[in-house]
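Let's take a friendly look at the empty spaces inside a protein, and at how two of its helices pack together. Please keep the sequence and the 3D view open as you read.

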Amino acid sequence: MSTLEPTAAPRPLVEPTPGQDKDEAIYLHLHTAIFEAHLTPGTRLPEDALSRSFGVSRTIIRKVLQRLGHEGLVEIRPNRGAVVGEPSVDESREVFATRKILECGAMAEVIMRATEADLKALAAIVAQEDAAQKDGDRPAAIRLSGEFHVRLAEITANGILARTVSALVARSSLIIATYGSPISTSCRHSEHTEIITLIRAGKTEAAAAWMAEHLDRVESGFAYSENAPKPPGLEEILQRVAPRVPRKRLL
Ligand SMILES: [Zn+2]
């Protein structure tokens, strides 16, 4: 488990763009760091270290962490502070099962509403994904593959559906970081191209079936095991120790 090292001197990491709140800029910075797996599951996010790094009060940091908590990227544990979310195997399976229900179920609506501009936007994301994979830029490839699924859900114009898919995609980035192979990314861009082709052809059933197949393939790339032992905590270590009665001193 890694920990954020506090910086030696207060040096703001982010400068908000005009019209952007400072807390929004910090939120985006941390969101990207987690979504692209620079900060890996289980990393502690101490408020004091973050407030020094970003040069803001702990109140602002707490607000940002709570927002990331609502989105499932951060877990806030009583008395232990915030850590980057660590999805369990059961939860990961549930995330992908839910994504299948929603993203396949949305396909009829997507096909009904998709405009030429929507399809172009999807194709542009796939092209960027392709470039990121060629450059070996795994963080960008993970982010873009997630973006493809979120953009697709947005075509439905159903805000609740789009926000739910977006939260599940964010959680999926933690699943990829936890169980994915270091060389794989989340989706194969050629499979995304196939989805666009089926949407363009208006083939609802085939598009839904292909989406299910696609999400199954992504999931089949995960090594679902909780065999990798976590470093034991202090309490656990102390429980293992059988105290020895000290030898009586001779003198
Ligand atoms: Zn995908």
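This report covers a pocket, a cavity and a pair of helices in a predicted model.

## The second largest pocket

Start with the second largest pocket, which holds about 350 Å³ of space. It is lined by 14 residues, and those closest to its centre are Tyr27, His31, Phe35, Ser166 and Ala170. Three elements each give two or more residues to this lining: α1 (22-35), α7 (138-154) and α8 (159-179). Of these, α1 provides the largest share, with 5 residues.

What classes of residue make up the lining of this pocket? The lining has 7 nonpolar, 4 polar and 3 charged residues. Domain 1 (22-85) and domain 2 (89-220) each supply at least three residues to the lining.

## The second largest cavity

The structure also holds 2 cavities of 30 Å³ or more. The second largest of the cavities contains about 50 Å³ of space. Its lining is made of Glu103, Ala106, Met107, Val110, His149, Leu152, Ala153, Val165 and Met211. Both α5 (107-113) and α7 give two or more residues here, and α7 gives the most, with 3 residues.

By class, this lining splits into 7 nonpolar residues, 1 polar and 1 charged.

## Two helices side by side

Now find helix α4 (residues 89-105) and helix α10 (residues 204-220). They pack at an angle of about 165 degrees, and their axes are 9 Å apart. Angles over 145 degrees count as roughly antiparallel, so α4 and α10 are roughly antiparallel to each other. The crossing of α4 and α10 is right-handed.

Notes
Residues numbered from 1 in each chain as written. Predicted model: local features only at pLDDT ≥ 70, side-chain atom pairs only at ≥ 80, totals over all residues. Heavy atoms only, no water. 1 Å grid on protein atoms, 1.4 Å probe; cavity = no way out; pocket = protein on both sides within 12 Å on 5 of 7 lines; lining within 4 Å. Points joined across faces, edges and corners; volume = space filled by probe spheres on them. Helix = DSSP H or I, 4+ residues; strand = E, 2+ residues; numbered from the N terminus. Nonpolar A, V, L, I, M, F, W, Y, C, P; charged D, E, K, R; others polar. Domains from an automatic or database assignment. Axes fitted to C-alpha atoms, helices over the stretch in contact; angles between N-to-C directions. Parallel < 35°, antiparallel > 145°, perpendicular 65-115°, else oblique. Left-handed = near helix turned anticlockwise from the far one by under 90°.
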